[in-house]
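This report describes one protein model for a reader who works with coordinates. It goes from overall figures to strands, helices and single backbone features.

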Amino acid sequence: MTDGEWGVVGRPWDEPSAEGRGDPFDDALALANGTAPLRVRPGAGPGITAATAPYAAGGAVAAASSATGGGDAPYTPDDPFAPDDPAAARSGPSGPVDPAPPTGPGARPTPAAVSWHTARRLAERAAPGPPAPETSALGATLGRTLAAPLTALTDLPSFDTSAMDGWAVAGPGPWRLDQPAEAPETGPPPGILAGHAPTEVLLDGHAIPIATGARVPSGATAVLRSEHGEVRELSDGGRRLYAPRPAPPGQDIRPRGQECRRGDQLLPAGALVTPAVLGLAAAAGYDELTAYRRPRTEVFILGDELLDEGLPRDGRIRDALGPMLAPWLHALGVEAAAPRHLADEADTLYAALAESTADVVITTGGTASGPVDHVHPTLRRLDAEVLVDGVAVRPGHPMLLARLAPRRYLVGLPGNPLAAVSGLLTLAEPLLRTLAARRPAAPYRTPLAAAVTGHPQDTRLVPVAYRDDARHGLTVVPLRFHGPAMLRGIAAADALAVVPPGGAGRGTELEILEFPWSAGWSAGWTPGWAAPGDPYDPPEATGGRA
C-alpha cells in the first residue's frame, strides 16, 4: 500500500469511515453537484439531521434542526483554545448556514462545510496531476520533481581510482620507485595526479607516487598511504619504498563501478531534486534533467485596512500575510510572484482573477459574507466551480477552493494570519503538491505533553513545539498566542497539531503537520523565486478561461 492510499491516519482512502458514510470524497462531490440526500448524524435522535445538503437548501436544513432542538452544542468563549474569529457564514454542521446564493448567470450550488481530512483530500484530487514535464539545465531543476528515473550514463567511478595520497604499488614490497616519463629532471617526482591518465604499465615490484582521485595505473595491485611508507635512497641513485606491513590487493583503491554501473537506476521518477541529487546527476554524466515544472502562483492580498510599511495608524494595520506567503509557498516548491495588494472593490478583484494566468491564485480575506467580502460573488461572476466552501476546522473555517478553469485554481484564505496558515496547509499545500508531483509526507503522530481543549465538533490546528519528556520521549507542547489573528505562537512553533473534536489529553498521540523549513526550504530555494518587487512576467492574459 502506498502513502497516497492513506487519508485519515491509520485508514485507507477507500475504507468506509467509522460513521459508515462510505468515501467522504464521493460524498463531497455529490454535495457539490446537488445530488446528496440529507444524512442523520450518528447518535442523533429522530428528526435531528446534519446540515450536509446542497448550499441552496442549507436554510431549510438549519431551520429543521433548530426546530427539533438538534442545533450545535455551545462552545465556551473563554476556553483557552476557543476560536475568537467570526464564524463563517457557510459553516455547515458546526455553525449557522447561509441562505441560498443569488440566482442568475454563473450561479451554481456549493457544498456545505466539509471535514478537515475530507477538505485536504478534495484539494489533493482537485487537479488531474502535474503539467507536462520539461527538460532543463541541472541548476534549473533544483526543488522540482523528476519525471523519469535517473539512470547512470557511466560507471561510477568510471575507472579504478586512488582513495588516498600515497603510492600505487605492484605486488609485495619493498618496491622500487619509478620516475614517471613526463617528470622533470630536477625536484621530487610528481607521480600520477588527478585528471591525468597514466600510459605506462606498473611492473611487479615497482611503485609510483599517486594523488587522491587519480587513475590507478594498469598493473597496480594496491595503494600505500603516504603515512605508511618510507622511502630510502639506494647506492645506485635509485630509491626504494618500504612498508611496515604488507599492502593487501585492492587496498585504498576505489574500483570501477563500485557505486554503480552504467544503466543502473539511481533514483526513481518522483524523487525530489535536492542539491545532493544535482551532484549525483552531474557525476553520472547529466547536463540536463527532465522534471515537472514548478506550479506558478499569484497572491492577492485583499483589505483596504492593510499597510505595507510603518506602524499601525488611523485604524489600519500592517499586512502580515504578504511578507509570509511568498516564501512559504516557495518552500513548498512553488514559483511565487510578489504578492499584490488589491482594493476592496468587486471589479478590481474580478479583473485580477480574469487576467491571471497562474496555476493557483491565492487570496487572503474576503471569503465570508461581510460588506466588502467579494470572493464568492466574483467566483459566481467568473462561472467558477466551487469545490470546497468552508471547512470544519478552527481557525480558518471560511477557507475555500474553486476551479477557475481547466488546470487553474483559486484558494481563498481567511484574512486572519493564523487562520490563513490553517487554510494554506489545509487546501493550498495538498493542491500544490499534486501540481508539483511531490509525494505527500508520511503521516505520523506524536504524544501531547499537555492537554488541549478542542472545539465540540470541528478539528483544531494548534501550534506546537517539540520537547523531550521523561515518560513519553519526544512530545509536542501546545503554545500560547494561538488566536486566529496571532502569529506569535506559530513563529515559535515547529508544527501544527491536529486536535480532534472534543480535544485531547496529555499523552494522546496526535497527527502532526510539520512546516516545510527543514525538508523543503533549501531544496526549493533557487534563483527562480520571485523576490518582493520582482514578480515574474506573466504571459499574455487570456481571461477567466485561460
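The text below takes up the overall make-up, the strand pairing, the helix packing and some backbone details.

**Overall make-up**

The model is predicted, not determined by experiment. The protein has 546 residues, and 49% of them count as buried. Its secondary structure consists of 10 helices and 29 strands. The exposed surface comes to about 24900 Å², of which carbon and sulfur atoms supply 54%. Among contacts with a separation of 6 or more, 74% are between residues 24 or more positions apart.

**Strands and sheets**

Strands of a sheet pair through backbone hydrogen bonds, either parallel or antiparallel. In this model, 6 strands form an open sheet with mixed pairing, in the order β9-β6-β8-β7-β11-β10. The edge positions are taken by β9 (222-225) and β10 (230-233); each has a single partner strand, so one side of each is left without a neighbour in the sheet. On average, neighbouring strands of this sheet are turned by 40° against each other, direction ignored.

At one edge of the sheet, β9 pairs with β6 (residues 166-169) in the antiparallel sense over 4 bridges. Within this pairing, A168 stands opposite V223 in β9.

Strand β29 (residues 509-514) takes part in two further pairings, one with β25 and one with β28. With β25 (residues 445-447), β29 runs antiparallel and is joined by 3 bridges. Here R445 has E511 in β29 as its bridge partner. With β28 (residues 495-499), β29 also pairs in the antiparallel sense, over 4 bridges. In this case A497 stands opposite I512 in β29.

**Helix packing**

Two packed helices are described by the angle between their axes and the distance between the axes. Helix α8 (residues 417-435) packs in this way with α5 and with α3. The values for the two pairs are as follows.

| Helix pair | Crossing angle | Axis distance |
|---|---|---|
| α5 (residues 321-331) and α8 | roughly 25° | within 12 Å |
| α3 (residues 116-126) and α8 | about 30° | 7 Å |

Angles under 35 degrees count as roughly parallel. On that basis α5 and α8 are roughly parallel to each other, and α3 and α8 are likewise roughly parallel. The crossing of α5 and α8 is right-handed, and so is the crossing of α3 and α8.

Which residues make these contacts? From α5, the contact with α8 involves L321, M324, L325, W328 and L329. On the α8 side of that contact are P417, A420, V421, L424, L425 and L432. In the pair with α3, the residues of α3 are W116, A119, R120, A123, E124 and A126. These meet L425, T426, L427, E429, P430, L431, R433 and T434 in α8. L425 of α8 is thus listed in the contact with α5 and in the contact with α3.

Helix α6 (residues 346-355) has L349, A352, L353 and A354 as its buried residues. What do these residues pack against? Their partners are four strands and one helix: β15 (296-302), β19 (340-342), β20 (360-364), β24 (408-413) and α7 (375-381).

**Backbone details**

Two cis peptide bonds precede prolines in loops. One joins L156 and P157, with omega about -10°. P157 sits in the loop between β4 (150-151) and β5 (161-162). Another joins R394 and P395, with omega about -5°. P395 is located in the loop between β22 (391-394) and β23 (400-405).

Positive phi values also occur at two aspartates. D252 has a phi near 55°, a positive value in a residue other than glycine. This residue is in the loop between β11 (239-242) and β12 (253-254). Is D252 buried or exposed? With a relative accessibility of 16%, D252 counts as buried, the cut-off being under 20%.

D383 is not a glycine either, and its phi is positive at about 60°. The loop that holds D383 lies between α7 and β21 (385-389). Its relative accessibility is 32%, so D383 counts as partly exposed.

Definitions and conventions. Residues numbered from 1 in each chain as written. Predicted model: local features only at pLDDT ≥ 70, side-chain atom pairs only at ≥ 80, totals over all residues. Heavy atoms only, no water. Buried < 20%, exposed > 50% of the residue type's maximum accessible area, 1.4 Å probe, protein only. Contact = heavy atoms within 4.5 Å. Areas by Shrake-Rupley, 256 points an atom, 1.4 Å probe, with all protein chains shown as cover. Pairing = 2+ DSSP bridges. Axes fitted to C-alpha atoms, helices over the stretch in contact; angles between N-to-C directions. Parallel < 35°, antiparallel > 145°, perpendicular 65-115°, else oblique. Left-handed = near helix turned anticlockwise from the far one by under 90°.
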